[in-house]
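Work through the exercises below with the model open. Try each task before reading its solution.

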Amino acid sequence: MAVLVGCGQAPKKGTTSNVTKQDFGKTPDGVPVELYTLTNGRGMQTRIMTYGGTVVSLTAPDRQGNFADVVLGMDDLAGYLKGVPYFGALIGRYGNRIGHAQFTLDGQVYRLAANNNGNSLHGGNRGFDKRVWNAAVKGDSLELTYLSKDGEEGYPGNLSAKVVYTVTPADELKIEYTATTDKDTVLNLTNHSYFNLKGQGEGDILQHEVTINADHFTPTDAGLIPTGEIRAVKGTPLDFTKPTAIGARIGQNDEQLKAAGGYDHNWVLNRSGAGLVKAAEVYEPTTGRVMQVWTTQPGLQFYAGNFLNGTIRGKGGKVYPRRGAFCMETQHFPDSPNHPDFPSTELKPGETYDQVTVYHFSAR
Ligand code: GLA
């Protein structure tokens, strides 16, 4: 093959962006919402809307190479605005719960919305999941930014958050989070996608086999607030160090499972230092789909969709039954601002919050 040189033009490479954009309606206060489609040229595709920075759909191949949408969601913006339990959304400022909806930082008490049994859940009444993010296409990635003003939902500091979504040629959905603040604050960002590797709306997830790279978890009280203890999983139904079906032990008469109505806990990931570690692997036996979760975060909230109850009709009119999906929310530990022994969630001016989570898909 002859190579053209010296014609004054650099060879074109990778110029066809795999990100496209469409309108996705308006919020009740008239703010336009956009929907972006990201593909990796190998069949994997995700759609992300600027409302909540939400993953609306995500396709992955089964062992025959057939793609299915493996995340729960709604067909249109109106469906999300009616109220959904954080389907696919970005969560901030603080993923999961803060006990008694308050924390103390630099000697000052900050009060938050008590939106979950007297505690604060997922950033309060109007967290990052209910904000319209600004979008920019950067190469093959979608970059979302949001400026959370000082005092928003009770949290201190003007916080500049950036989340970059990429569908990589290695069949991964990669999510990169960075943030800076102008005042000391606390921060715990995550994504709340609900997965069903059989396909969204295809029944429950009890046969999915889960492995979690964690020897310990953070037990909770009845309100799902960590007691502060770091407890070994060994000998408990929370031991997922070997592949185990979600349904195998979820109904056991265990004090932790009873409090949460099933799995809804934070696992303390095994790690020997900073960087990406494999947090979990999930295998679905009928389709062969496998999802691996890799993260730089210290914790993983594995939630078995216990609060889904069949009342939501999602994409394509599918009914989402109890445990019709599971979440793997990579995060810092719940209620960390009230547990000085937990890895710190404090962010100070001049520092950059920087976390990465990768959901990798394959089949066997
Ligand atoms: C998280 C929580 C659950 C539940 C869901 C949303 O996973 O840990 O208890 O609140 O979000 O319903």
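The exercises cover the pockets, the ligand and two backbone features.

This is a predicted model, in which local features need pLDDT of at least 70, side-chain atom pairs count only at pLDDT 80 or more, and totals for chains, interfaces and linings use all residues. Residues are numbered from 1 along each chain as its sequence is written, and side-chain values use heavy atoms, with hydrogens and water left out.

**Exercise 1. Describe the largest pocket and its lining.**

Step 1. Fix the term. A pocket is found on a 1 Å grid over the protein atoms alone, as an open set of points where a 1.4 Å probe fits, with protein on both sides within 12 Å along at least five of seven lines; lining residues have an atom within 4 Å of a point.

Step 2. Take the volume, the space filled by probe spheres set on the points. The largest pocket holds about 270 Å³.

Step 3. Read the lining. It has 20 residues, with Pro85, Tyr86, Tyr194, Tyr303 and Phe307 nearest the centre.

Step 4. Sort by class. Nine are nonpolar, eight polar and three charged. Here Tyr and Pro count as nonpolar and Gly as polar.

**Exercise 2. Describe the second largest pocket.**

Step 1. Its space is about 160 Å³.

Step 2. The lining includes Tyr51, Tyr80, Tyr86, Asp129 and Lys130.

Step 3. Seven lining residues are nonpolar, two polar and two charged.

**Exercise 3. Which space does the ligand take, and what surrounds the ligand?**

Step 1. Locate the ligand. It takes the space of the largest pocket; the test is that more than half of its atoms lie within 2 Å of the pocket's grid points.

Step 2. List the shell (residues with a heavy atom within 4 Å). Of 14 residues, Arg97, His122, His192, Asp264 and Glu329 come nearest. Seven of the shell are nonpolar, four polar and three charged.

Step 3. Find polar contacts (N or O pairs within 3.5 Å). Side-chain polar atoms lie 2.3 Å from a ligand oxygen for Asp264, 2.6 Å for Arg97 and 3.0 Å for Asn96.

Step 4. Check burial. Alone, the ligand exposes 300 Å², and the protein buries 95% of that (Shrake-Rupley method, 1.4 Å probe).

**Exercise 4. Where do the cis peptide bond and the positive phi lie?**

Step 1. The bond from Gly92 to Arg93 is cis, with omega near 0°. Arg93 sits in the loop between strands E6 (90-91) and E7 (97-98). Strands are DSSP runs of at least two residues, numbered from the N terminus.

Step 2. Asn117 is not a glycine, yet its phi is positive, about 50°. Asn117 belongs to the loop between strands E9 (108-111) and E10 (120-121).

Terms used. Polar contact = N/O pair within 3.5 Å; in protein donor to acceptor, adjacent residues only side chain to side chain. Helix = DSSP H or I, 4+ residues; strand = E, 2+ residues; numbered from the N terminus.
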